[in-house]
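Trainee: I'm new to this one. Could you show me how to read its features, one at a time?

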Amino acid sequence: MAIVDPMSSLHSPGRGRDRWQDTASAAGLLADDGGVAVTIFAEMSAFAARTGAINLGQGFPDVDGPEYVKQAAIRAIEEGRNQYAPGDGVPELRRAVADHQKRHYGLDVDPDTEVLVTTGATEALTASVLALTRPGDEVLTLEPFYDSHAAAIGMSGATHVTAPLVPGPDGFRLDVAALRAAASPRLRMIVLNSPHNPTGAVLTRDELAAVAAVAQERDAIVVTDEVYEHLTFGAEHIPIATLPGMAERTLTVSSSGKTFSFTGWKIGWLHGPADLVTAVRTVKQFLTYTSGAPFQPAIAQALADDDTPRALAATLTERRDLLCAGLEAAGFTVNRPAGTYFVMADASNLLGRLGLRDGVELCRRLPELAGVVAIPAAAFCRAGSPTAKALASHVRFTFIKRDEVLREAATRLAGLGVPLS
Ligand SMILES: Cc1ncc(COP(=O)(O)O)c(C=O)c1O
């Protein structure tokens, strides 16, 4: 990862670390010399842009969401909805979130006191961690984990503990014994993510029950990142808030970016008990106050539409199979995802022949070797952790690209499988 700026002038000797350094360190971006690296996502996307490689690294669609949603946003701009939206979010979007949760999961949510619209799921997650944890608390995530979860914990000064997802014949599964062992009396929060990025695992009812039992035993809050809630392939997505006794200790986070293919609009939300939502709102209002005024009514309309996400999930099933077949033909061992738009592929069989040590080296060389960009699993693990070691040869590819792009990527990757002469 490129070190961009030592920033040593910001750091007086003996001062200790500032929060940005804790944040960078938690996300694996702080170098020994005090410099900060760009994220692997930024590095790899820049690499793709520079070399013309196909970017299967960062997860964003190459086709926008529905035209009628775009038109709704354009109309909102023309109608003058261009000033600050209410801090909680526009009423029609809060109502649409409550209706969506009732319709899909039977959850009763009060749109006036139990919903908060945020600047993407990212802000909902970070504001929740900042609002409800402090130094000395422990926050548990799955490992591998989405990078912003670790960064938010670093920002708050809490201690990050993890429970591994382990690859096997049924996909990546939660190590429940490790989860129980990791949950000390100092556990304050569990940041869950299902469907899970980067593994594509959709947690089963039994796994969720194990998480719920730990949360209840330790009196911990659960913040659950469900941005891929509609992008599943046959597996049932179960919000942990629907388990007995969990609604009162759970903040459920989601976002329009993945469901409706408008990742750049950054309209997200959370819901949960009014006291927890009030705590998060208190922090959120001084982070951004509000955002995306004309996009909020457009997403309110979209949230009433169950056909668009259903159609997306159907085409994603085909795209998953297309990419998985290409990866297998190229020599990867694929762990077929049950949700999200990512697949984890084990490059063990390729690394030796290519003279490469691990997934990090492979991802650095992949643009030149095959004209494709991917992200190493190590980017989603704590440096040197047992999970980082176990997944050292794994890399993540996204399949949220058009069929022809995936076909071209598969053709290019097939070259990797040809024995070197
Ligand atoms: C698990 C997970 N959570 C949150 C986000 C970010 O969501 P948003 O763009 O709504 O902030 C992503 C984006 O990749 C993600 O994969």
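Trainee: How many residue pairs are in polar contact between domain 1 and domain 2?

Mentor: Keep in mind that this is a predicted model. A polar contact pairs N or O atoms within 3.5 Å. Between domain 1 and domain 2 there are 11 such residue pairs, both residues being at pLDDT 80 or more. The count of salt bridges between the two domains is zero.

Trainee: Which parts of domain 1 touch domain 2?

Mentor: Look for helices and strands that bring at least two residues each: those are α12 (307-330), β13 (342-346), α15 (386-390) and β16 (394-398). The largest share, six residues, comes from α12. Sort that side of domain 1 by class and you get 18 nonpolar, nine polar and three charged residues.

Trainee: Where do the domains run in the sequence?

Mentor: Domain 1 comes in two pieces, 39-63 and 309-415, while domain 2 covers 67-304. Contact here means heavy atoms within 4.5 Å, and 30 residues of domain 1 and 31 residues of domain 2 take part.

Trainee: What area is buried between domain 1 and domain 2?

Mentor: Buried area is the accessible area that the two parts lose on being put together, summed over both. Here that comes to about 2500 Å², with 63% from carbon and sulfur atoms. On the domain 1 side, T340, F380 and R382 supply 24% of what domain 1 buries against domain 2, more than any other three residues.

Trainee: Now the ligand. Which residues surround it?

Mentor: Go round it and you'll meet G120, A121, T122, Y146, N193, N197, D225, V227, Y228, S255, K258 and K266. Then check the distances between polar atoms. A polar side-chain atom of D225 sits 2.5 Å from a nitrogen atom of the ligand. For Y228, a side-chain N or O atom is 2.7 Å from an oxygen atom of the ligand. For K266, a side-chain N or O atom is 2.6 Å from a ligand oxygen atom.

Trainee: What about the backbone: which peptide bond at P144 is cis?

Mentor: For that, read omega. The bond from E143 to P144 is cis, with omega near 5 degrees, and P144 lies in the loop between β5 (138-143) and α6 (147-156). Another cis bond joins N197 and P198, with omega about 20 degrees. You'll find P198 in the loop between β8 (187-193) and α8 (205-217). N197 also appears among the residues around the ligand.

Trainee: And is phi of D219 positive or negative?

Mentor: Positive: phi is near 55 degrees, in a residue other than glycine. D219 lies in the loop between α8 and β9 (221-225).

Definitions and conventions:
Residues are numbered from 1 along each chain as its sequence is written. This is a predicted model: local features need pLDDT of at least 70, side-chain atom pairs count only at pLDDT 80 or more; totals for chains, interfaces and linings use all residues. Side-chain values use heavy atoms; hydrogens and water are left out. Domain bounds come from an automatic or database domain assignment. Buried area is the accessible area (1.4 Å probe) that two parts lose on being put together, summed over both. A salt bridge is a side-chain nitrogen of Lys or Arg within 4 Å of a carboxyl oxygen of Asp or Glu. A polar contact is a pair of N or O atoms within 3.5 Å; within protein, one must be able to donate a hydrogen and the other to accept it, and residues adjacent in sequence count only if both atoms are side-chain atoms. Helices (H or I, at least four residues) and strands (E, at least two) are DSSP runs, numbered from the N terminus. Ala, Val, Leu, Ile, Met, Phe, Trp, Tyr, Cys and Pro count as nonpolar, Asp, Glu, Lys and Arg as charged, and the others, Gly among them, as polar. A residue is near a molecule or strand if one of its heavy atoms lies within 4 Å of it.
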